[in-house]
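Trainee: Could you walk me slowly through a single part of this model rather than giving me the whole tour? I'd like to see how one piece is put together and then what sits around it.

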Amino acid sequence: MVAPDTPTSRVALIGNPNTGKSTLFAALVGVRQHVANYPGVTVEKKTGWMTCDGRRCELIDLPGLYSLAARSRDEMVAVDVLLGRQDGAGPPDAVLAIVDACNLQRNFYLLSQVLEMGLPTVLAVNMSDLAAGRGIVLDIVGLAQRLGVGVVAVQANRGVGVAQLKTALAEAIRQGPLRPPDLWPAAFEQEVTRLEETLAGGGAKPPAAQAALPRCLVRRLLLDTDGYVQRALLPDADGRVARELRAGRQRLAEAGCPVPAVETAVRYDWARSVLEGVLAEPGHYRMTATDRIDRWLTHRLWGTLVFALVMFLVFQAVFVGAQPARWGIDWATGRLAGWITASLPEGALRSLLAEGVVGGVGSVLGFLPQILILFFFIALLEDCGYMARAAYLMDRLMSRVGLSGRSFIPMLSSFACAVPGIMAARVIANERDRLTTIAVIPLLTCAARLQVYALLIAAFIPGTSWLGGLVGLQGLVLAALYALGIATAVAAALVLKRTILRGRTPPFLLELPSYKWPSARTVAHRVAERGWIFLHAAGTLILAVAVVVWAAAYYPHDRRAVAPLLGQQGELQTRLAALGPEDPGRQEGLEELARLQNQIAAVYQRNSFLGQLGRTIEPVVKPLGWDWRIGCCVLASLPAREIVIATLGVVYGAGKDAGGQSAEAAGRLQSWLQAATWEGTDRPVFTLPVALSLLVFYALCMQCAATLAVIRRETNSWRWPIFVFGYMTVLAYVAALVTYQAGAYWTG
Amino acid sequence: MHHPRSIPLEELQTGQRARISRIAGHPDHVHRLEEFGLRGGTRIEMFRPGNPCILRVGGNKVCLRADELLEVQVLLLPPGE
């Protein structure tokens, strides 16, 4: 791609959230962006290429930050990239810092931390048009002189200033390292030197071993009272370092430099002195259009109403809008499976392709429409600035559960599907809140659960109604199942926040950016990004689970067990072939053939590993009122809970197409289930308590490989998916047990 | 310690302007607020009172939810200023 003689460089892009950083990134590198995670953490790494004065530059988009304090994973990643501790690639050749012209003081706090790194730096002052409109006057040339770095006024959304920025970057790279500004009082610097000596002399070596810590990181060690930096940089440090740090901070407090307050004082003083004389702000800020809109949109009543309406539309779009696409995918995979069945000889390969692979790919693709639709709306709302208002409005409610307003939208979208909901949880800045949200989201009733509910409720809950049909028992049961999911999620969140995820909750801080028209390019980018991440990260795992479950349900595939049935089938097929197309006996023969084929499938399934396992675990599921066949269906629906519908159809001898969409097929499955009896008796399997226990089980269980795969991807560890699977399965089992036992006692 | 006209942030009414006089609480949380741009001396205007509240800071708006452990004291500014 890159000619060997073209010099290449790496440039890191850094700035506060809501400064237009992503827009500038897109304006600089164009559409070819590469998105991945930083190794070892779930922080998005976006990179792209640009050409600056003939020099090929890789631009790395760092997370939006207020500080390089290295308390959170985002901050630590940014520090690591700037210090060249990521990928072992060395520090970047230049830093592009973007600041919001309307909020220079605060933006300069981060800038002072960036300049301290001593890397060649260029400053992009964004939204200069908006600032001018508010009466803010900035002397760009004067500022460049004060800072000693290139400063360019840009309007990222219109591409204004982008060319000058590239020239300034090339110039900065040519000039080489920067002299960091002198910020710190002598007493503080003394303490830093002292600490450097201690670290050099002591046994605590930084993990990179070869080099001593850069001075700016030694400062961070002193400033970071949380100990995060120490744990990350000096994991092997003995108690001596911690003691030394405490003693150092004590001395600093006595010298009038209390940690951490000294940092903000020093940096804001620097910002004031740099901006004095080059920045003129109006004495009074007039109400803007954004303020006028916010009068309505953050209003307790009107704002909440608008929010409810917006959420209803989003939810409806995800729930209903994804249906046609889903049917399309179902239809296409059905056709493909049919074609494979028709063109391959019967055997393991045909079954693997038609049922395992095509079924697996179908279920992966089936999630895609919901993900794309949800992220279309999220990107739209985020880009126009509404998302922060939504978080504000919902914060009061969510803070009662120990979470913040940021958790609301991921949770709400999980009523359609947990997969995009978990992916949307990335907006939650607080790590403990994010993990709590991810861990309880799978309890909320998704569209797949609704399919299972619909089938079982229609078949087993009496259609009793009161108040002239206004209130029906079936509807009440459905509402109760939704409520069960919500109540359990709330309880689980409260328990998690008080146990494994407890900790001091930092104050909830949120910027409400100015409203703007969303950019089609930004929205399209985010949607495509999410879709790709899902296919790439979760798709392979879902497919693998589908194939494993297929194998368990297929093998050992002993033909001897079905030999008599196969004989009958052969005879019937010969007889049918002899009949003319108009023969009255033909229809009957075809039905007979379908029945036989189902019977064969059921016998195979019974003898499969899955069937054997189902019978082995019968003692475990019997207290829930289930026979081995239900246990078997529940096991088979491990990859996706809605599979249970099709499996019930096969196991209880109904037509295989009973899982399809037609009302007739569903009715047939219901009657089959109603007629099912315990093997060797005429005692019905599905009594009311059994149906209820199965419903409660599905309300709480974690039968979804896609969700587990996405939790794995979003938490970057197997611990969380295993934990979520474990706690939900235990909850589901216990709740189903209680339901059945209570129900059996009640009905005698 | 307290300035005679110093009041807690929660008592600020819609449209009232003030200057932050003191933020008290856990040092790390105070630090976070300061990094976010809310610090002693910052001029604010109450846009939506309550908890969380919305403040105008300069030409921008921010939302803040503080718990009982974080106390923000402000000095009320006369309406004309």
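In what order do the 7 strands of the open sheet in chain A stand, and what is the pairing?

Mentor: The order is β2-β3-β4-β1-β5-β6-β8 of chain A, and the pairing is mixed. Before we zoom in, some bookkeeping: residues are counted from 1 along each chain as its sequence is written, while chains get letters from A and ligands get numbers from 1 in the order in which they are written. Also, this is a predicted model, where local features need pLDDT of at least 70 and side-chain atom pairs count only at pLDDT 80 or more, though totals for chains, interfaces and linings use all residues. Helices (H or I, at least four residues) and strands (E, at least two) are DSSP runs, numbered from the N terminus. Two strands pair when DSSP finds at least two bridges between them.

The edges of the sheet are β2 (33-37) and β8 (150-154) of chain A, each of which pairs on one side only. From one strand to the next, the twist averages 25 degrees (axes are lines fitted to C-alpha atoms, for helices over the stretch in contact, and angles run from 0 to 180 degrees between N-to-C directions).

Let's settle on β5(A), residues 94-100. On one side, β5(A) pairs with β1 (residues 8-15) of chain A in the parallel sense, over 5 bridges. If you want a spot to click on, V11(A) has A94(A) as its bridge partner in β5(A). On the other side, 6 bridges tie β5(A) to β6 (residues 121-126) of chain A, again parallel. There, I98(A) stands opposite A124(A) of β6(A). To get from β5(A) to β6(A), the chain goes through helix α3 (residues 104-116) of chain A, and this β-α-β crossover is right-handed (with the strands pointing away from the viewer, the path from the first strand over the helix to the second runs clockwise).

How covered is β5(A)? 7 of its 7 residues are buried (20 or more other C-beta atoms within 10 Å of the residue's own, with C-beta atoms placed from the backbone; exposed takes 12 or fewer, and partly exposed is in between). In a regular strand the side chains alternate between the two faces of the sheet. In β5(A), A94(A), L96(A), I98(A) and D100(A) sit on one side, with V95(A), A97(A) and V99(A) on the other, and both sets are buried.

Now follow A124(A) outward. Its bridge partner in β8(A) is V152(A), within a parallel pairing of β6(A) and β8(A) that has 5 bridges. As for helices on the sheet, α3(A) lies across β1, β5 and β6 of chain A, at about 170 degrees to β5(A). Helix α6 (residues 162-175) of chain A packs on the sheet too, touching β1, β3 (44-52), β4 (55-61), β5, β6 and β8 of chain A, with its direction at about 165 degrees to that of β8(A). Contact here puts the C-beta atoms, placed from the backbone, of two residues within 7 Å.

Zooming out, chain A has 31 helices and 12 strands. Its C-alpha atoms fill a box of roughly 95 × 60 × 60 Å along the principal axes, and 43% of its 748 residues count as buried.

There's another sheet to look at, and this one involves both chains. It is an open sheet of 7 strands with antiparallel pairing, in the order β12(A)-β5(B)-β4(B)-β3(B)-β2(B)-β6(B)-β1(B). β12 (508-512) of chain A and β1 (6-8) of chain B are at the edges with a single partner strand each, so one side of each has no neighbour in the sheet. The twist from one strand to the next averages 40 degrees.

Where the chains meet in that sheet, β12(A) and β5 (residues 60-65) of chain B run antiparallel over 5 bridges, and F508(A) stands opposite R65(B). Helix α15 (residues 386-399) of chain A packs on the sheet, touching β12 of chain A together with β4 (53-57) and β5 of chain B, and its direction makes about 155 degrees with that of β12(A).

Counting contacts between the chains, 27 residues of chain B touch 30 residues of chain A. On the chain B side, α1 (27-35), β4 and β5 each supply at least two residues, and α1(B) gives the most, with 8.
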